[in-house]
Amino acid sequence: MKRFLLCLMLLLGAFQYRVVAQNLPINIETLTDQQIMGLMTQYQLVGLSELELEMKAREKGLSMDQINQLKKRMALMDFSTVKEMGMGAGKSLSNEENFMPRNRIKTRSVASYYRDTTQKYFPFGYEIFENEELSFEPNINIATPQNYIIGANDQLSIDVFGISDNTKKLTVSADGVIRYPNYGPIKVAGLNIEDAKAKIKASLTKIYPGIASGSVNVQVALTKLRSIRVTLIGEVYRPGNFELSSLSTIMNALYASGGPNKIGSFRDIELVRNGKTVAHFDLYNFLLKSDLTKNLLLADGDVIRISPYTRRIILTGAVKKQALFDVKDNETAADIIQYAGGFADHALKEWIRVYRMGQRTKEIVSVPYSQLNQFKLNSGDTLVIDSLANTYANRVMIGGAVYYGGAYSIAQIPTLKALLEIAKPREDVFVERGIIKRLKKDFTPEIISFNVNDIVAGKNNIDLQREDSVQLFRINELREKFYVTINGEVNKPGTIAFAENTRVQDLVLMAGGYRDGASLQRIEVSRRIRQQGASKDSALYSVIKTIDLSSAKNQDLDFVLQPFDMVSVRKSPLYKEQINVGIEGEIVFPGNYTLSGNTERISDLVKRAGGLKQNGFAGGALLIRKTYRDISETDATLISNKTNLINRQSGINTGSNGAADSTALAAANKEQKPVGIRLDEILANPGSAEDLFLLEGDILKIPRQLQTIQTFGAVNVPKQIVYYEGIRFKDALRESGRFSMNASRKNSYVIYPNGQVRKTRNFLFVRFYPAIKPGTEIYVPAQKPKGKLSTGEVIGVVSSLTSLVSILVLLINSQK
């Protein structure tokens, strides 16, 4: 019956394991942190290395995808907040959660806690708990320390070799014994490794007699360390129980817990064992002196207690490390400054200022440097180390026209002559005068001038004073910048820096040489009047000289320029550039033609182009000509001003004064307008007044023979109409449905194909319309809308008429 019940329990357990394994969460990423912790606790996955966790999870039935998801969630979790998530409500954390080493989870250290506050200074030594890469775990790959005390769960390797060869790995039981096969239990708990080796060797002599004779040897080694549980209490960032290696020390436990909290002491950390304090650990001794004498190995059940600080001060200013420092009773201000690494290089060491909390008010204590070793500190004190003032006790400075300017010591260079010999004045220095800027005793500035040549030659010397500033000047800095200007027919006109002995030909070379049309016979040089000390005014603005550079023997070739000279190279009057015109349309040889002279006319161009084609319409020929020719910016400004004036008179808002710029100038140079000509009469009478002389850019356009006319504007049906001989203006209007209701008949006009405009003429009550030719365009403008009179205007008109009628009646009655 008992065997049956045992088998039934095993089957139920296996079935429950299979059901749980099959009912694992499909997507671990959807679980909360609390559920993840419950899952890890249930399957004993807490406190394992990455490889151990993977093997254990696969044994529990988790897939690789679920294991990878679990690893990602564990890397992001903060196990210190598990209690806040509700795990502690009615439940206690499992042992694995409480004893997890800090290097396996991401905890927020005391350094992060301080950084979250608004405090300016942090406790000295807090950085050691901030480094997540630092674990302080003991090194288990070393020989077992001789003073290591064996305890339960330690694993010993017992190697028997010689005549007999046997190796056993035995774990110390909870009773403190190891059970060796064929011998029995051997109590080793509480013994160090050497004592345990002697006891095991003596015990095994009974089953290995060769041990006594030396033919068999026994070697005992510690192969696996046990885990111990320690408790951290008091002012610790993460208090509680921690599972650590049996080789762990106080520092290992402190780092695993995150270190002291905001008010925790860094100087008084107690190790309590079996209810008694066995050590007081001082972090400063560890950090500053590498003193490990108090960093004892921990034992199972040890308690580490961190007390609140009793005395804490602030050290700030010119020291190597500004921080909060815990102070012991026997320590002075000099000790704290030494803990901070000493004074900074720029520190003022004569006096130290201490801000102290008094009984009712704050106090300031001034401590001389000689008394720092005796000055006792109170909690809340602030030590301020001032910096040296930004002044020099022995400095003189030199700058300007020297090669080695800067600051020098007055102790080694007491005179101005010595300073100039070291600073080396430049060759272009202004030797007649230099200055020394000096502060008098009342700190008002004064200027002391000197002659540089006299100082260098030793004829004179000046004793320097502290903070003197010597300034030398360059010649070029003391005068206006010299230049010469060249314009006109050169390739690169402009301003060029002046140099002595520059001739006109040299300046032309620097300007890129002459242009093709330059005239060398009349080059004009304008020279500024630079009379020094003249007492009378002069009517002259400049001196003008005309030189001739066309002959190699001419003495003008040696004409030397002076500063501010202006050289003008004129264009030769015989130099002419080609002038091009164009002819388009119904012509035998259309294209561009170069004029032979300024006497060529329209008829000459038509003749050179081979004459009109058979379907060319001379009566519709049109000449396109540039409106403005070769205008300058000044011309563009005048044109713009005239246009704006006309627009303002016409009530058109121009929006600006129309100042000419490069855009307006370019637009004016490109503007073209048609010129009304009668080519048929020109060809019939060459050389007549109608036969215009051609200009640069003219374009003659000759259309085909036109067969229609067209109406525009205020007609009922604007359209094209077939032209026939004898058609009149009214006939064209009749074809377009006559005038519309708002047509202005008297203002009708026509535009002929050659650009000429003819307007309707009125005489008495008779209206004479212009003649119609092939291609004519008829324009009928609309009348402007008449505004209705307002009530006031109507009353005014009626009143005026009434007054006029009354006057007329009075005049008539007076004649009777």
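These are my notebook entries on sheets, ring pairs and one surface patch in a predicted model.

**Ground rules.** I number residues from 1 along each chain as its sequence is written, and my side-chain values use heavy atoms, with hydrogens and water left out. The model is predicted, so I ask for pLDDT of at least 70 for local features and 80 or more for side-chain atom pairs, while totals for chains, interfaces and linings use all residues.

**Sheets.** I take helices (H or I, at least four residues) and strands (E, at least two) as DSSP runs numbered from the N terminus. I call two strands paired if DSSP finds at least two bridges between them.

I looked up the five-stranded sheet first. It is open, has mixed pairing and runs β12-β11-β15-β13-β14. At its edges I find β12 (323-326) and β14 (362-368), each pairing on one side only. The twist averages 25° from one strand to the next; for such angles, axes are lines fitted to C-alpha atoms (for helices over the stretch in contact), and values run from 0 to 180 degrees between N-to-C directions. I then checked β11 (residues 312-317) against β12: the two are antiparallel over four bridges, and I314 has L324 in β12 as its bridge partner.

Next I went to an open sheet of three strands, ordered β2-β1-β5 with antiparallel pairing. β2 (166-171) and β5 (216-224) each have a single partner strand, so one side of each lacks a neighbour in the sheet. Here the twist averages 20° between successive strands. I count six bridges between β1 and β2, and one of the partnerships joins V160 to N166 in β2.

I also followed β23 (residues 518-528). It pairs antiparallel with β25 (residues 566-571) over five bridges, where A518 is matched with K571. β23 also pairs antiparallel with β24 (residues 542-547), over six bridges, and there R527 is matched with V543.

**Rings.** I pair rings of Phe, Tyr and Trp (its six-membered ring) when their centres lie within 6.5 Å; planes under 30 degrees apart are stacked, over 60 edge-to-face, and the rest tilted. My search of the whole structure gives 14 aromatic pairs. F129 and F266 have ring centres 6.5 Å apart and planes at 65°, so I log the pair as edge-to-face. The pair links distant parts of the chain, 137 residues apart: F129 sits in the loop between α7 (110-115) and β1 (155-162), F266 in β8 (residues 264-273). I find both F129 and F266 buried (under 20% relative accessible area; exposed is over 50%, partly exposed in between, with a 1.4 Å probe and protein chains only).

Y749 and Y779 are stacked, at 5.3 Å centre to centre with 10° between the planes. Y749 is in β33 (residues 749-751) and Y779 in β37 (residues 777-780), 30 residues apart. I get 28% relative accessibility for Y749, so it counts as partly exposed; Y779 is also partly exposed, at 22%. I noted a cluster too: ring pairs link F124, Y284, F325 and Y339.

**Surface.** F763, L764, F765, V766 and F768 make a nonpolar surface patch with about 650 Å² of accessible area together. L764 is in the loop between β35 (761-763) and β36 (766-768), and its 72% relative accessibility is why I call it exposed. Patch residues have over 30% relative accessible area and no salt bridge; like charges are joined within 9 Å, nonpolar side chains (Val, Leu, Ile, Met, Phe, Trp, Tyr) within 5 Å. A salt bridge is a side-chain nitrogen of Lys or Arg within 4 Å of a carboxyl oxygen of Asp or Glu. Accessible areas come from Shrake-Rupley with a 1.4 Å probe, and for residues only the protein chains shown count as cover.
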